[in-house]
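User: I'd like a close look at one part of this model. Could you take me through it and then carry on into the surroundings?

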Amino acid sequence: MIDIVYRYDINNPVAEVHPASPAEARALLEAGNEFFAHMLDDDPGEGRRTRILNVSPQDLGIAGPQGGPQQHRPFAVVIGCADARAPIELLLGQGANDLFVVRVAGNVLGSDTLGSIDYALSQLSDDLRLLVVMGHTGCGAVTATVDLFSEPGRVLEMAARHELRSIVNAIMPSVRMSNDALIRRYGFKIKESPGFRKALIETAVVLHAAMMAATLQKAIEPVVGDRVGVVFGVYDLCTRHVGVLSESRGIDQQHTFLDPPTNGEEIDALLLDVINGPLVQRVLGLIDDAHAAPLLTP
Ligand SMILES: [Zn+2]
């Protein structure tokens, strides 16, 4: 049995500890995800595994001595996909009032998303230390974009669906760049591989999250300096880890957020690293399960 418990103990109230820096906020989220991912690693069978998240009465909305609503005090903004399989607070091990979550299909940066981030940065700056862009494996929005890229004739199906097209249009540059990088690495024949579509989807998921994070970093740096950090990652629906699977980082280093790329060379390096990494290699059939990291593929 597995219990995930949000606990307020009136006899032992917890003191709120908020991260003082972007690095502390990042470490807190990574530790929360690490616990969540491993907690579900093996079926405990007859045993019982419990994860307790202590929460303060104020954060739960239980009025304090003075009454009135709790202060709004998230320490991180997370831009995630609307996919119901990626519940942000749960998978990052956080409770109420910890995260300012903006979820939209494909974690794209439309005007509503940017406006929400603007609000958080300007109104919640006392506690805010980190901005996270989080994609996930097998993303439906990225998959739809890959399929449209592969069959451009289908664009007519979306001709009158302007809102949906705005999501696809936001993801398309990452799909094109991922496609070009895969061909550069493996040649045109790779497009005939049965695993190519999946490889393109998972490469584009990473690149798209990286590009959104890079965009945000450029936008907010002049305003917040180094007071608020920006990172990105991909939530793996199968292993439940957040990270980026790449060639250059060892398996024990893959479950951490990454800093966004800052120029074209870093984008190319990231793409090559992901394409040479265990996930893409495996879906392309270039390595077998015995030689791959414990992976992904939903
Ligand atoms: Zn998605």
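Is Cys139 buried or exposed?

Analyst: Keep in mind that this is a predicted model. Cys139 is buried: its relative accessible area is 2%, and the cut-off for that label is under 20%. The sulfur of Cys139 is also busy, since the SG atom is one of the donors to the zinc ion. The other donors listed are Cys81, again through SG, and His136, through NE2, with distances of 2.1 to 2.3 Å. Along the chain, the donor residues follow the pattern C-x54-H-x2-C. His136 sits at 1% relative accessibility, so it counts as buried too.

With cysteines in play, disulfides are worth a check. A disulfide is a covalent bond between the sulfur atoms of two cysteines. The structure has zero of them. Take Cys238: it takes part in no disulfide, and the nearest cysteine sulfur is the one on Cys139, 14 Å away. Since a pair has to lie within 2.5 Å to count, that distance rules the two out as partners. As for its surroundings, Cys238 is partly exposed, because its relative accessible area is 33%.

Now to the helices. H5 covers residues 140–150, and it packs against H7 at an angle of about 125°, their axes 9 Å apart. That angle makes H5 oblique to H7, and the crossing is right-handed. On the H5 side, the contact uses Val142, Thr143, Val146, Asp147 and Phe149; H7 answers with Arg197, Leu200, Ile201, Ala204 and Val205.

H7, residues 196–224, has another partner in H6, residues 162–186. Here the axes come within 8 Å and cross at roughly 125°, so H6 is oblique to H7. H6 passes H7 in a right-handed crossing. From H6, the residues in contact include Ala170, Ile171, Ser174, Val175 and Leu182; among those they meet in H7 are Phe196, Ala199, Thr203, Leu207 and Met211. Leu200 and Ala204 of H7 turn up in the contact with H6 and also in the one with H5.

One last stop, in a strand. Arg49 belongs to E2, which runs over residues 49–54. At 27% relative accessibility, Arg49 counts as partly exposed. Its C-alpha atom is 7.4 Å from that of Met39, a residue 10 positions away along the chain.

Definitions and conventions: Residues are numbered from 1 along each chain as its sequence is written. This is a predicted model: local features need pLDDT of at least 70, side-chain atom pairs count only at pLDDT 80 or more; totals for chains, interfaces and linings use all residues. Side-chain values use heavy atoms; hydrogens and water are left out. Donors are N, O and S atoms within 2.8 Å of the metal (3.2 Å for Na, K and Ca); water is not among the atoms, so sites may look incomplete. Buried means under 20% relative accessible area, exposed over 50%, partly exposed in between (1.4 Å probe, protein chains only). Axes are lines fitted to C-alpha atoms, for helices over the stretch in contact, and angles run from 0 to 180 degrees between N-to-C directions. Helices (H or I, at least four residues) and strands (E, at least two) are DSSP runs, numbered from the N terminus. Angles under 35 degrees count as roughly parallel, over 145 as roughly antiparallel, 65 to 115 as roughly perpendicular and the rest as oblique. A crossing is left-handed if the near helix is turned anticlockwise from the far one by less than a right angle, and right-handed if clockwise. Contact means heavy atoms within 4.5 Å.
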